[in-house]
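Work through the exercises below with the sequence and the model open beside you, trying each task before reading its solution.

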Amino acid sequence: KQVDLNDSVSLVHHLIENLPEQQKIIIQLRDIEEYEYDEIAKMLDLQPTAIRVSLSRARKTLKENLVKHHAYGLTKN
(Lines give C-alpha, C1' and ligand atoms only; values in the text may rest on other atoms or scores of the structure.)
Protein backbone atom coordinates (compact mmCIF):
# COMPACT_ATOMS: atom_id res chain seq x y z
CA LYS A 1 0.00 0.00 0.00
CA GLN A 2 2.84 2.40 0.88
CA VAL A 3 4.59 1.63 -2.41
CA ASP A 4 1.41 2.48 -4.35
CA LEU A 5 1.07 5.73 -2.41
CA ASN A 6 4.70 6.65 -3.12
CA ASP A 7 4.21 5.83 -6.81
CA SER A 8 1.11 8.04 -6.95
CA VAL A 9 2.91 10.95 -5.29
CA SER A 10 5.83 10.56 -7.69
CA LEU A 11 3.44 10.49 -10.64
CA VAL A 12 1.71 13.70 -9.52
CA HIS A 13 5.08 15.42 -9.07
CA HIS A 14 6.11 14.28 -12.55
CA LEU A 15 2.84 15.51 -14.08
CA ILE A 16 3.19 18.90 -12.35
CA GLU A 17 6.73 19.23 -13.70
CA ASN A 18 5.39 18.76 -17.22
CA LEU A 19 2.84 21.56 -16.97
CA PRO A 20 3.51 24.89 -18.69
CA GLU A 21 5.75 27.03 -16.49
CA GLN A 22 3.07 29.50 -15.38
CA GLN A 23 0.62 26.73 -14.48
CA LYS A 24 3.34 24.86 -12.61
CA ILE A 25 4.17 27.94 -10.53
CA ILE A 26 0.53 28.73 -9.81
CA ILE A 27 -0.36 25.19 -8.74
CA GLN A 28 2.73 25.13 -6.53
CA LEU A 29 1.84 28.43 -4.88
CA ARG A 30 -1.88 27.71 -4.45
CA ASP A 31 -2.20 23.99 -3.80
CA ILE A 32 1.11 23.21 -2.15
CA GLU A 33 2.15 26.43 -0.42
CA GLU A 34 -1.49 27.55 0.10
CA TYR A 35 -1.15 31.18 -0.92
CA GLU A 36 -4.35 33.14 -1.56
CA TYR A 37 -5.31 34.11 -5.12
CA ASP A 38 -4.62 37.79 -4.47
CA GLU A 39 -1.15 37.03 -3.09
CA ILE A 40 -0.28 34.92 -6.13
CA ALA A 41 -1.63 37.62 -8.44
CA LYS A 42 0.67 40.20 -6.83
CA MET A 43 3.69 37.88 -6.99
CA LEU A 44 3.17 37.13 -10.67
CA ASP A 45 1.79 40.53 -11.67
CA LEU A 46 -1.44 38.98 -12.97
CA GLN A 47 -5.12 39.49 -12.28
CA PRO A 48 -6.72 37.12 -9.73
CA THR A 49 -9.08 35.97 -12.48
CA ALA A 50 -6.10 34.91 -14.61
CA ILE A 51 -4.76 32.96 -11.63
CA ARG A 52 -8.08 31.12 -11.24
CA VAL A 53 -8.25 30.29 -14.95
CA SER A 54 -4.66 29.07 -15.07
CA LEU A 55 -5.14 27.00 -11.92
CA SER A 56 -8.32 25.47 -13.30
CA ARG A 57 -6.55 24.50 -16.52
CA ALA A 58 -3.62 23.03 -14.61
CA ARG A 59 -5.91 20.95 -12.40
CA LYS A 60 -7.88 19.76 -15.43
CA THR A 61 -4.69 18.71 -17.20
CA LEU A 62 -3.47 16.87 -14.10
CA LYS A 63 -6.80 15.09 -13.71
CA GLU A 64 -6.92 14.05 -17.37
CA ASN A 65 -3.37 12.73 -17.22
CA LEU A 66 -4.01 10.83 -13.98
CA VAL A 67 -7.14 9.24 -15.47
CA LYS A 68 -5.19 8.27 -18.61
CA HIS A 69 -2.40 6.79 -16.53
CA HIS A 70 -4.73 4.77 -14.31
CA ALA A 71 -6.83 3.63 -17.28
CA TYR A 72 -3.64 2.53 -19.04
CA GLY A 73 -2.58 0.61 -15.94
CA LEU A 74 -5.94 -1.16 -15.80
CA THR A 75 -5.89 -2.20 -19.45
CA LYS A 76 -2.27 -3.27 -19.19
CA ASN A 77 -3.01 -5.87 -16.46
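**Exercise 1. Find the residues that leucine 19 touches beyond its sequence neighbours, and place it in the core.**

Step 1. When residues up to four places away in sequence are not counted, leucine 19 touches Lys24, Ile27, Ala58, Thr61 and Leu62, where contact means heavy atoms within 4.5 Å.

Step 2. This is a predicted model, in which local features need pLDDT of at least 70 and side-chain atom pairs count only at pLDDT 80 or more, while totals for chains, interfaces and linings use all residues. Residues are numbered from 1 along each chain as its sequence is written, and side-chain values use heavy atoms, with hydrogens and water left out.

Step 3. The largest nonpolar core has 14 residues, and Leu19, Ile27 and Leu62 are among those with the most contacts inside it. Such a core is a set of buried Ala, Val, Leu, Ile, Met, Phe, Trp, Tyr and Cys residues joined through side-chain atoms within 4.5 Å.
Helices H1 (2–17), H2, H3 (37–44) and H4 (48–76) each supply at least two residues of this core, and H4 gives the most, with 4 residues.

**Exercise 2. Decide whether lysine 24 and isoleucine 25 are buried or partly exposed.**

Step 1. The cut-offs, for a 1.4 Å probe and protein chains only, are under 20% relative accessible area for buried and over 50% for exposed, with partly exposed in between.

Step 2. Lysine 24, in helix H2, has a relative accessible area of 16% and is therefore buried. Leaving aside neighbours within four places in sequence, lysine 24 is in contact with Ile16, Glu17 and Leu19.

Step 3. Isoleucine 25 also has its place in helix H2 (residues 21–32), but its relative accessible area is 32%, so isoleucine 25 is partly exposed. From isoleucine 25 to leucine 44 the C-alpha to C-alpha distance is 9.2 Å, although the two are 19 residues apart in sequence.

**Exercise 3. Describe the fold as a whole and the confidence attached to it.**

Step 1. The protein has 4 helices and 0 strands, counted as DSSP runs (H or I, at least four residues, for helices; E, at least two, for strands) and numbered from the N terminus.

Step 2. Of the 77 residues in the protein, 22% are buried, and among contacts between residues at least 6 apart in sequence, 51% join residues at least 24 apart.

Step 3. The mean pLDDT, the predictor's confidence in each residue from 0 to 100, is 89, and 84% of residues reach 70 or more. Confidence is lowest in H1, at a mean of 81, and highest in H3, at 97.
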